[in-house]
Amino acid sequence: MLGRLNHWDPPAVATAADRNKARIYTHICASPEVTRKQIASDLKIRPATVSALVAGLLEHRLVREGEPFVENRKGRREIPLTPVPDRFAAIVVHVVSNTVRATLVDMAGNVRAERKVDRPIDFMAENADLETLFASLVEELRPCVTPGMDLEGIVLALPGLVDELSGVWIFSSRWPRMREMTFGELARRSGLKVLVSKNLNVELEHYLTVHPEAAEGGTLFVHWGFGIGAAYAHDGQILRPHGGGFGELGHWLGGAQMDRQCLCGKRGCLETEAALWAILPEIRHAYPDAPGDEWAFEDFLARMDLAKCTVIRRATERFVTALHDLQMVLFARTIVVTGPFVQDAGIFDRLRTGLLGLLPTYARKDLKLATARHVAADEIIGAAAPFFEAALRDHLNLPD
């Protein structure tokens, strides 16, 4: 989060003093151990004004002073300033394959504590089962909040169909009995604000922060792993429609064998031929030790040469066909594919060659195709960022 502040501009409607205080705070985050004198020189703000505004930052415990050092030959002692990364924290509940983890994270993205369920969650779990699980993980993390750390809330970064605007987890094929799940009871039991996010949306948001050049035009962010889903942004603005109705690529029907039943209950979904959960049994005929967890499967691919494996090749072809169809709808400038399969150079090369071979010239003109690793830290930081930004705006007296 502190790195995101390099791209964070104070709103013009704020007072001049509050804008300068925000600028100073951002500068301290970007240049830890900077001194008041250096801030005044770098930002062209009067030294007396810098000292007054830094006093406010110290009062709110947003920054701390380090040990004084001698700055020049006259022996003047200068005090370095650093941000306080654990001033605010949030709990992020997220899903890896079909297991659930909860992470206490601070503003710098440091994991302060983590709790997880080591076994896969029962496929037949219902709303009450999942809510009880989430609440228990949150309660296990509460004692890990240290004195001086403000716990801002809980973020649920969830797979499947998520209505972020209404705070409703509509559907996930991993737990098909879960429907229209809301989190008012979790907020009541914890006494904390609860935000609900689609996991791919927060990953895409973090990706665009790290790779701002990818924000130009349309950015299609596709995950191919245990399940298959997508997120989309246009000129950096992520599509978040009411009802959450975008990105269920894994449940497209075109071209799939209709005799295969999907976890969602339908037959012939893309996932039945290309998702890890569906092709794993066939892979295990040749490789009995192939793991079902995405992260473990990525390590497994790194040790094995599976790009030419029949089931992997067939899955790649089906995935490419669906990606082609989605690109013909969106005409994205950048397509980013994440997940364990594309970390294998041979599989990604087959994907790239297949996609570019299918797309007509006008649909692949200027197209940038890239891969990214699914890194839990990216998802966690992206999910927690709204809480931290809101807390900073409040303490810096900045309007939304």
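Which residue in β8 is the bridge partner of V105? It's V111, and that pairing is a handy place to start walking through this structure, which is a predicted model.

V105 belongs to strand β7, which covers residues 99–106. Its neighbour β8 takes in residues 111–116, and five bridges join the two strands, which run antiparallel. Together β7 and β8 make a hairpin with four residues between them. Look into that turn and you'll find G109, with a positive phi of about 85°.

Now turn to the other partner of β7. Eight bridges tie β7 to β6, again with the strands running antiparallel. One pair to pick out on screen is V92 with its bridge partner T103 in β7. β6 and β7 form a hairpin too, this one with two residues between the strands. Here the residue with a positive phi is S97, near 55°.

So much for partners; what about the cover over β7? The strand is mostly covered, with eight of its eight residues buried. Try following the side chains along the strand. T99, R101, T103 and V105 point one way, while V100, A102, L104 and D106 point the other way, and all are buried. Notice that R101 and D106 are on that buried list, along with V105 from the opening question.

Next, go back toward the start of the chain, where there is an open sheet of three strands. Its order is β1-β5-β2, and the pairing is antiparallel. The edge strands are β1 (34–35) and β2 (63–65), each pairing on one side only. Two bridges hold β1 to β5, a strand made of residues 80–83. If you want a landmark, find V34, which stands opposite L81 in β5. Helix α1, residues 16–30, lies across β1, β2 and β5. It runs at about 90° to β5.

Two single residues on helices are worth a stop. S51 sits in helix α3, which spans residues 47–59. Is S51 buried or partly exposed? Its relative accessible area is 36%, so S51 counts as partly exposed. K37 is 14 residues away from S51 in sequence, and the two C-alpha atoms are 9.0 Å apart in space.

The other residue is H324, in helix α10 (residues 310–330). H324 counts as buried because its relative accessibility is 17%, and the cut-off for buried is under 20%. Which residues does H324 touch, leaving aside those up to four places away in sequence? They are L355, L358 and L359.

Now for the empty spaces. Rolling a probe the size of a water molecule over the atoms shows where empty space is left. Searching the whole structure turns up two cavities of 30 Å³ or more. The largest has a volume of about 290 Å³. Its lining comprises 27 residues, and the closest to the centre are P159, G160, R174, N199 and G227. Three elements each supply at least two residues of that lining: β6 (88–96), α6 (199–210) and β14 (228–234). That brings back β6, the hairpin partner of β7. By class, this lining has nine nonpolar, 11 polar and seven charged residues.

The second largest cavity holds about 70 Å³ of space. V162, E164, K198, N201, L239, R240, P241, G244 and F246 line it. Sorted by class, those residues come out as four nonpolar, two polar and three charged.

Last comes an open space: the second largest pocket, with a volume of about 270 Å³. Fourteen residues line this pocket, and those nearest its centre are E164, V196, S197, R240 and P386. Two or more lining residues come from each of β12 (194–198), α6 and α13 (376–395). Which of these elements gives the largest share of the lining? It's β12, with four residues. The class count for this pocket's lining is eight nonpolar, three polar and three charged. Two names should look familiar: E164 and R240 are among the residues nearest the centre of this pocket, and E164 and R240 also line the second largest cavity. Likewise, α6 contributes to the lining of the pocket and to that of the largest cavity.

Conventions: Residues are numbered from 1 along each chain as its sequence is written. This is a predicted model: local features need pLDDT of at least 70, side-chain atom pairs count only at pLDDT 80 or more; totals for chains, interfaces and linings use all residues. Side-chain values use heavy atoms; hydrogens and water are left out. Two strands pair if DSSP finds at least two bridges between them. Contact means heavy atoms within 4.5 Å. Axes are lines fitted to C-alpha atoms, for helices over the stretch in contact, and angles run from 0 to 180 degrees between N-to-C directions. On a 1 Å grid over the protein atoms alone, a cavity is a set of points where a 1.4 Å probe fits but cannot get out, and a pocket is an open set with protein on both sides within 12 Å along at least five of seven lines; lining residues have an atom within 4 Å of a point. Grid points are joined across faces, edges and corners, and a volume is the space filled by probe spheres set on the points. Ala, Val, Leu, Ile, Met, Phe, Trp, Tyr, Cys and Pro count as nonpolar, Asp, Glu, Lys and Arg as charged, and the others, Gly among them, as polar. Buried means under 20% relative accessible area, exposed over 50%, partly exposed in between (1.4 Å probe, protein chains only).
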